[in-house]
Each structure stands twice: as C-alpha cells, then as structure tokens.
Amino acid sequence: MSKPTILVTGGAGYIGSHAVLALHDAGWPVVVADNLSNGRREAIPDGVPLVEVDVGDAAAMADLFAVHPIAAIMHFAGSIVVPDSVTDPHYYYRNNTVASHALIGAAMKAGIKHILFSSTAATYGAPETVPLDEDNPTRPINPYGWSKLMTEQMLRDIAATGAFNYGALRYFNVAGADPQGRSGQASKGATHLLKVACEAAVGKRSHVDVFGTDYPTPDGTCIRDYIHVSDLAAAHVLALEALIDSPSESFTLNCGYGRGTSVLEMLDALDAVNGSPVARVMGERRAGDPPQLVASNRRLVERLGWTPRFADTATIVRSALEWERRLAS
Ligand SMILES: NC(=O)c1ccc[n+]([C@@H]2O[C@H](COP(=O)([O-])OP(=O)(O)OC[C@H]3O[C@@H](n4cnc5c(N)ncnc54)[C@H](O)[C@@H]3O)[C@@H](O)[C@H]2O)c1
Ligand SMILES: O=c1ccn([C@@H]2O[C@H](COP(=O)(O)OP(=O)(O)O[C@H]3O[C@H](CO)[C@@H](O)[C@H](O)[C@H]3O)[C@@H](O)[C@H]2O)c(=O)[nH]1
C-alpha cells in the first residue's frame, strides 16, 4: 500500500531537513512548509515540494491543506535560540506558541489526525538531578522552554477531545550532520556549541567562547546530552508510524543518549578529530543556561524500538566538521 503524504514544517531547516531525508529515503511522500527565515531551499531534496509560508498564517495553511492531501504533520518550524528568547520573549511566544496554535487550528479544520511536535529538554528547566525521565517536573527557566511547553499543553488538551493524536519529542542537544553529506547545520549567525566550534576549526571564526566555567559540574562547564541529528530523524519516522498505527495514543518522549558531555569535553573531542586545537576564550555565563541536561531515553527505546547508530561522540563531531568543511569549500 502506498504511504500517505506528510507535511514537514520547518523542513528547510537543520533538523527538519534531516527528517525530510529520512522520510524520503523510506518512501514517504513529503511536502515542506517553511518561510525560509532560517532555512535553505537547497536542503530539500529534488522532487519534494516546498511551500513558502508562515505556519502561523492559518489562511495560507488552509490553502496548503486544500491543495495537498496531508495525513500527518511533523512540526519543526519555530525559533530556537535560548538567549534570544530571553531578550525577545514576545517574538518567541508569537513564532512558537501562537504560530503553533494557528497551525493546529488549520490542521483540525482540514481533518488531519496526527501531529508530531518538536519539543525540547528546555521544558525541564534547571533540574537538580539527571538523567531526566519524562515524568520529571517541567519548570522552564527561559521563554523558549515555556513557549514549547505551552504548545505541548495545547496539543495535550486538544488531543483529549479526540481531534488528533500527537507525539511530543523533547530533543536534548542536536548535533552532527547527515553521514552522506546531504545536509547539516547551515544557518548564519549560528549559536550552537559544536557548530560554532566547527566554524572556528575551518577558520570562519577566530575562537570559541566558553560561556561559564563556574558551574557546579566536574570541570565547571555546562553538561548536555548531544544527539546525532540522523538518529533523531530516524526516531521521527518511528514516532510517525506509532501515531498512525495507534491513533488513540499520544506520547511524550525524551530524545537523547543518556550521556552527559561538558563544553570542554566537546571541544576536546573536536580538537582530537580536527588534529589541531581550536582557540578557546573562557568567559561569563550566558543567560538562560541550565548547568546540566541529560536524558533518560528508556521510554523512547521501549515505545519506538529506537536503536541509535551514530552515538559515538567522535562520529558526531566528525560529521559536523566534514559538513563545515564542505560549506567552506
Ligand atoms: N537544534 C536543537 O538542538 C534543538 C533542540 C530541541 C528542540 N529543537 C526544535 O527543533 C525544531 C527545529 O530546530 P532546528 O535546529 O532545525 O532549527 P532551524 O532554525 O534550522 O529550523 C527551523 C526552520 O523553521 C523555519 N521557520 C521558523 N519559523 C517559521 C514560521 N513561522 N513559519 C514557517 N517556517 C518557519 C525556518 O526557516 C527554519 O527552516 C525547532 O522547533 C526547535 O525548537 C531544536
Ligand atoms: O559558543 C558557545 C555556544 C554554546 N556554549 C555552551 O554550550 C552549551 C550548549 O549550548 P547550545 O549549543 O547553544 O545549546 P543549548 O543552549 O543547550 O540549547 C539547545 O539545546 C536545547 C535542548 O537541550 C534546545 O532546546 C535548544 O533549542 C538548542 O538550541 C551551553 O552550556 C552553552 O553555554 C558555549 O560555551 N559557547
């Protein structure tokens, strides 16, 4: 039987483009909705239609649903930079929460029955102990985390009426690039640690700043659970299948490896792969950063049968660096 068509919002962006590749590789018809505010047309494979649209524009989304017979939505579109959410919370609530509200409304009118949502570890705030399972209290410490948690709450309440089922995937820190070199992180003005450090490794930046060396962690720098973007994309395909197979069940799943890596450990791993050190400048803490975030992925593994393929830190770093070299060449 042929597979139904999936709408990928934010499919021209970093993670969304890897999900588009995973769907496309597995034979799912895909349509991308992206306003290209931070995405690239080139990230979308040939043959996949791109509709240039703001997902918060309910009328435009209704037009899209009238033209394309969409069975399910993977909703990646949104704004992603934690410190920007601290300086401009109004924009973050608009582009994440309000836009999601509009998209959900348009999807309901079009009778769409499955929504997979890009949520975040930032919903947990600054937990005292790790690893975190999904029942940990959600107490965001920045507007970005709140904007995502509010969207999760909308999905939960509306799904309870039977309108659709949903999956909220709470990503920890996404890193790396497609092992075949077809996509990677390409946005200008990047702020993510490994991306910034790889830009320094290829000479696009003079150094990498280390934001805070006095955290209550073994080396004083923040600890994160870095997950390879292609392992995350594979989890999305499994989650989509679960939503379609069990239409009365919704779920919230952490996406990480259950392994903590400090900022300095990540930079050491890059230096080892690169073969020469990237200059580091030790600096002050950045606003909105929790000291440590590490996932328990027990539920993800049990619920979806997910098996990571690219978890090795050197593999993550190598793919990110190869992509950066490709961009620079
Ligand atoms: N990168 C991470 O480590 C991480 C971690 C947790 C959660 N997430 C979530 O994953 C999703 C994707 O993140 P990413 O890292 O790929 O970011 P990205 O910026 O590369 O991708 C987001 C895409 O959405 C598009 N977009 C933004 N607002 C839009 C709007 N209103 N209408 C239409 N398109 C819009 C952008 O043009 C871009 O292509 C986001 O929702 C983000 O919050 C990311
Ligand atoms: O140039 C840099 C960039 C980052 N960091 C530090 O590296 C860590 C990771 O930061 P970053 O890569 O910016 O990611 P986070 O702020 O942890 O946020 C990411 O990971 C979250 C989930 O954990 C997601 O919700 C967000 O969307 C995503 O941006 C933090 O301690 C930063 O302070 C530096 O020291 N120097």
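This passage describes the domain layout, the domain interface and selected local features of a predicted model.

The chain is divided into two domains, each assembled from separate stretches of sequence. Domain 1 covers residues 5-175 and 226-255, while domain 2 is made up of residues 193-224, 258-294 and 309-328. Taken over C-alpha atoms, the centres of domain 1 and domain 2 are 26 Å apart. An unreviewed UniProt entry lists residues 6-244 under "domain: NAD-dependent epimerase/dehydratase". Helix accounts for 38% of the chain over residues 6-244, and strand for 18%. The C-alpha atoms at the two ends of this range are separated by 11 Å.

Between domain 1 and domain 2, about 1,700 Å² of area is buried, and 66% of that area comes from carbon and sulfur atoms. In domain 1, the residues that lose the most area to domain 2 are Tyr226, His228 and Asp231. Together these residues make up 38% of what the domain 1 side buries. The contact involves 21 residues from domain 1 and 21 residues from domain 2.

Polar contacts across this interface, counted where both residues have pLDDT of 80 or more, amount to four residue pairs. Zero salt bridges are found between domain 1 and domain 2. On the side of domain 1 that touches domain 2, at least two residues each are supplied by α3 (82-87), β7 (173-175), β10 (226-228) and α7 (229-245). Helix α3 gives the largest share of that side, with three residues. Sorted by class, the side of domain 1 that touches domain 2 holds 13 nonpolar, five polar and three charged residues.

In the whole structure, 18 salt bridges are found. One salt bridge joins the side chains of Arg41 and Glu52, with an N to O distance of 2.6 Å. Arg41 and Glu52 are eleven residues apart, and the pair links distant parts of the chain. Arg41 is in the loop between β2 (30-34) and β3 (50-52), whereas Glu52 belongs to strand β3 itself.

The loop between β2 and β3 also contains Leu36. Although Leu36 is not a glycine, its phi is positive, at about 60 degrees. A further backbone feature occurs at Pro131, in the loop between β5 (114-120) and α5 (143-159). The peptide bond that leads from Val130 to Pro131 is cis, and its omega is near 0 degrees.

Note on methods. Residues are numbered from 1 along each chain as its sequence is written. Chains are lettered from A and ligands numbered from 1 in the order in which they are written. This is a predicted model: local features need pLDDT of at least 70, side-chain atom pairs count only at pLDDT 80 or more; totals for chains, interfaces and linings use all residues. Side-chain values use heavy atoms; hydrogens and water are left out. UniProt positions are given in the numbering used here, feature names are shortened, and annotations may be inferred rather than shown by experiment. Helices (H or I, at least four residues) and strands (E, at least two) are DSSP runs, numbered from the N terminus. Domain bounds come from an automatic or database domain assignment. Contact means heavy atoms within 4.5 Å. Buried area is the accessible area (1.4 Å probe) that two parts lose on being put together, summed over both. A salt bridge is a side-chain nitrogen of Lys or Arg within 4 Å of a carboxyl oxygen of Asp or Glu. A polar contact is a pair of N or O atoms within 3.5 Å; within protein, one must be able to donate a hydrogen and the other to accept it, and residues adjacent in sequence count only if both atoms are side-chain atoms. Ala, Val, Leu, Ile, Met, Phe, Trp, Tyr, Cys and Pro count as nonpolar, Asp, Glu, Lys and Arg as charged, and the others, Gly among them, as polar.
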